[in-house]
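Colleague: Please pick one part of this model and look at it closely. Then carry on from there to the surroundings that seem worth describing, in one connected answer.

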Amino acid sequence: MLDLSSEDITQGSLTRALVVLATPLLVQNLVQVVQQVVDLFFLGRLSSAAVAAVGLSLPVLALCFAFVITLPFVGTQILVSQRVGGEDVSGARRAAATGLGVAVVLGVVGGLVLWVGARPLVDLLTRLQPGGANVTALATVYLSVVAVGLPAAAASDAIEAAFVGWGDSRAPLYVSVATVATNLVLDPILIFGFGPAPALGVEGAALATVAGYVVGFLLAAGLALAGRDGWIYTRATARFDTDDLRELFDVGAPIAGQGAVRQVVRVLIVTVAFAAGGTAGLAAYSIGGRVASVAFVPALGLQQAAQSVVGQNLGAAEPDRARRATYLGVAIAGGGLAVIGTVQWLFPVPVATLFAPALTDRALSLSVSYLEILAYGYPAIGVAYLFEAGFNGARRTRTSLVTTLAQFWAVRLPIAAGVGVLLGVGVVAVFWAVTISNLAAAVGLWFYYRHETGDGMLDRASERASA
């Protein structure tokens with residue numbers, strides 16, 4: 001039984017609620033990881049410049065997505081979940097409609113900004129990560145085309161957030177599969193040409209991505225309007241409400257800022273890794289980051305599920321269940337990532353060569369070191385993600401933003417740059433900076449969550465949600 005009602009989440013087994021809600025989200029996140037490498041897979045058979053162009057574009061897109069997609073997604077999910085838990089169905093539908101409207105507006109504005117500013121942004125990045133004139137031109141083309149699809153991507157994710165907030169995580173999975181399948185089918189046709197379709201190279205890869213966004217949005221809209229007798233969007237609730245708008249931005253904006261902080265520091269860390277370890281050090285850092293992005297998928301799915309479970313229980317005036325759901329999620333995520341980290345620590349060479357089989361001896365040696373060092377901090381990542389979910393579900397999203405600011409700007413970047421480059425320790429200091437910052441974030445969130453829940457944070461959040 002994969003369907004979850006509000007009663008299942010607010011009265012039934014918390015373990016079942018978390019696992020059932022998280023499982024489709026886990027698969028969805030894996031599908032999205034696949035989407036990130038689809039273009040690189042096909043463009044890798046075109047030219048190294050094409051691969052570098054897409055790689056150069058990814059930080060810009062991630063920064064753009066933090067505001068255009070993450071803000072309405074998190075705001076919509078949390079508001080909908082709290083109102084569903086409080087049996088305020090019309091309020092949940094109104095929040096979903098508000099989130100969709102905000103997503104469309106941000107998608108249009110963000111798309112225009114990205115389309116106009118593609119070249120200046122790429123020029124700025126090439127100063128940090130030199131790539132040559134050809135790479136710069138190709139990256140500009142890629143970003144300009146993808147910018148056209150941002151409204152569809154943002155709208156699709158806002159609809160998915162409403163589903164997750166309501167307790168349905170299967171619909172977002174279907175949408176993600178349709179999006180990636182479209183991209184996967186069209187990529188080779190548009191990149192290399194087939195029949196009447198010309199070979200468009202990097203531009204073709206971007207067009208395939210946009211087509212995936214559009215197909216995903218159409219499916220999401222169809223599921224929302226037809227599924228469960230059209231319970232998400234109705235004409236009566238499709239209206240502008242300033243209070244809902246203010247609440248959505250109050251909840252979603254800090255998470256958008258959190259994503260932006262992470263992306264900016266990650267770009268800077270790439271530069272630091274290159275300065276401290278040269279090409280081999282940068283290769284090792286890139287491989288470790290790619291492996292980690294796959295390893296953390298279970299924790300991300302569980303975090304999204306926990307936010308809905310916590311939100312619905314607070315809306316249902318069950319603050320103790322919200323607290324227990326958070327700690328249960330912490331135990332599952334921390335334990336699961338400890339197992340993944342152990343496997344990575346025991347078999348770092350096969351893991352590294354799986355992602356990059358043609359490494360030099362030095363690059364492989366550094367990659368092995370980074371994978372071993374990363375593994376020590378994997379449980380901490382799971383713990384931090386789930387404590388953030390506990391705060392986010394209670395509308396305390398600013399806590400997640402402050403934690404990330406401290407984790408990346410006060411711990412990770414100073415250690416990496418100061419010890420690795422200025423003190424001359426080398427790129428290994430950059431590797432340890434990542435793990436130490438993860439551990440610091442987990443410990444800090446744990447102590448702060450205990451303090452705030454002891455001070456009545458969840459009781460106040462429950463009263464506010466009910467009101």
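Modeller: Glu388 lies in helix α13, and the model it belongs to is a predicted one. Glu388 has a relative accessible area of 2%, so it counts as buried, the limit for that class being under 20%. Leaving aside residues up to four places away in sequence, Glu388 touches Gln258, Arg262, Gln303, Ser400, Thr403, Thr404 and Leu445. Two of these partners can be placed from the helix ranges: Gln258 and Arg262 fall within α9, which spans 242–295. Another three, Ser400, Thr403 and Thr404, fall within α14, which spans 397–422.

The helix that carries Glu388 also has a part in the nonpolar interior. The largest nonpolar core has 68 residues, and those with the most contacts inside it are Tyr285, Phe296, Val309, Tyr378, Leu386, Val430 and Phe431. Helix α13, residues 361–393, gives the largest share of this core, 16 residues. As general background, nonpolar side chains in soluble globular proteins tend to be buried together. Phe431, one of the residues with the most contacts in the core, can serve as an example of the packing. Beyond four places in sequence, Phe431 touches Gly281, Ala284, Tyr285, Leu366, Tyr370 and Ile373. Of these, Tyr285 is itself on the list of residues with the most contacts, while Leu366, Tyr370 and Ile373 lie within the range of α13. Another core lies apart from this one; it has 37 residues, among them Ala53, Leu56, Leu61 and Val146.

After α13 the chain enters a loop, and Arg395 is found there, between α13 and α14. Arg395 has a positive phi of about 70 degrees although it is not a glycine. With 9% relative accessibility, Arg395 counts as buried because the value is under 20%. A second residue of this backbone kind is Glu87, which is not a glycine either and has a positive phi of about 60 degrees. Glu87 also sits in a loop, the one between α3 and α4. Its relative accessible area is 65%, which is over the 50% limit, so Glu87 is exposed.

The loop of Glu87 leads back to α3, where Leu56 is placed. Leu56 is one of the residues of the 37-residue core, and its relative accessibility of 6% makes it buried. From Leu56 to Gly301 there are 245 residues along the chain, and their C-alpha atoms are separated by 27 Å. Ile69 is found in α3 as well, and at 9% relative accessibility Ile69 is buried. Outside its sequence neighbourhood of four places, Ile69 touches Ala153, Ala154 and Asp157. The C-alpha atoms of Ile69 and Leu121 are 19 Å from each other, with the two positions 52 residues apart in numbering.

Leu121 brings in the second largest pocket, which holds about 330 Å³ of space. This pocket is lined by 16 residues, and the closest to its centre are Pro59, Val60, Leu63, Leu121 and Leu124. Helices α3 (48–85), α4 (89–128) and α9 each supply at least two lining residues. The largest share comes from α4, with seven residues. By type, the lining divides into 14 nonpolar residues, two polar ones and no charged ones.

Two further sites concern polar side chains. Arg323 is in helix α11, residues 319–346, and is partly exposed at 29% relative accessibility. A polar contact of 2.9 Å joins its side chain to that of Asp320. Farther off in sequence than four places, Arg323 touches Tyr449 and Leu458. The C-alpha atoms of Arg323 and Thr342 are separated by 29 Å, at 19 residues apart along the chain.

Leu458 falls within α16, residues 457–466, which is also the helix of Ser462. Ser462 has a relative accessible area of 5% and is therefore buried. Its side chain reaches the backbone oxygen of Leu314 at 2.9 Å. Besides Leu314, the residues that Ser462 touches, not counting those up to four places away in sequence, are Ala317, Glu318 and Pro319.

Methods:
Residues are numbered from 1 along each chain as its sequence is written. This is a predicted model: local features need pLDDT of at least 70, side-chain atom pairs count only at pLDDT 80 or more; totals for chains, interfaces and linings use all residues. Side-chain values use heavy atoms; hydrogens and water are left out. On a 1 Å grid over the protein atoms alone, a cavity is a set of points where a 1.4 Å probe fits but cannot get out, and a pocket is an open set with protein on both sides within 12 Å along at least five of seven lines; lining residues have an atom within 4 Å of a point. Grid points are joined across faces, edges and corners, and a volume is the space filled by probe spheres set on the points. Helices (H or I, at least four residues) and strands (E, at least two) are DSSP runs, numbered from the N terminus. Ala, Val, Leu, Ile, Met, Phe, Trp, Tyr, Cys and Pro count as nonpolar, Asp, Glu, Lys and Arg as charged, and the others, Gly among them, as polar. Buried means under 20% relative accessible area, exposed over 50%, partly exposed in between (1.4 Å probe, protein chains only). Contact means heavy atoms within 4.5 Å. A nonpolar core is a set of buried Ala, Val, Leu, Ile, Met, Phe, Trp, Tyr and Cys residues joined through side-chain atoms within 4.5 Å. A polar contact is a pair of N or O atoms within 3.5 Å; within protein, one must be able to donate a hydrogen and the other to accept it, and residues adjacent in sequence count only if both atoms are side-chain atoms.
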